[in-house]
Amino acid sequence: MGPNQSAWCSYSEAGLVGQAVTGPSSLSPEVTSKSEIPQEELQGGVKTLSQKLSATLLNISIKENLVKQHSKVAEEAVEVRVLGRLDH
């Protein structure tokens, strides 16, 4: 590219000269064909997503239980330490 050339092309270079723009709808691509997904494939996808969701919910439940256990252990440790200081 030379020093006086631009990275942008003009309307004529882009082939837009003489084309009317009627509004936002002219900027939207048209759907020329529809592809349908077979019912079996949809059901398989739903089953897979359901399995992943179930596994994730189980994982969350396990982690929540661990947090509760760790919290209880920490509270007991603090209580023992406080009571130990009071006994001295």
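Biologist: How much area does the protein expose, and what share do carbon and sulfur atoms supply?
Modeller: This is a predicted model, where local features need pLDDT of at least 70, side-chain atom pairs count only at pLDDT 80 or more, and totals for chains, interfaces and linings use all residues. Residues are numbered from 1 along each chain as its sequence is written, and side-chain values use heavy atoms, leaving out hydrogens and water. With accessible areas taken from the Shrake-Rupley method (1.4 Å probe; for residues, only the protein chains shown count as cover), the protein exposes about 8,800 Å², and the carbon and sulfur share is 59%.

Biologist: What is the mean pLDDT of the protein?
Modeller: pLDDT is the predictor's confidence in each residue, from 0 to 100. Here 60% of the residues reach 70 or more, and the mean is 77.

Biologist: Is Leu83 buried, partly exposed or exposed?
Modeller: Buried means under 20% relative accessible area, exposed means over 50%, and partly exposed is in between (1.4 Å probe, protein chains only). Leu83 has a relative accessible area of 44%, so the label is partly exposed.

Biologist: And how much of the protein counts as buried?
Modeller: Going by that cut-off of under 20%, the protein has 88 residues to sort, and the buried share is 1%.
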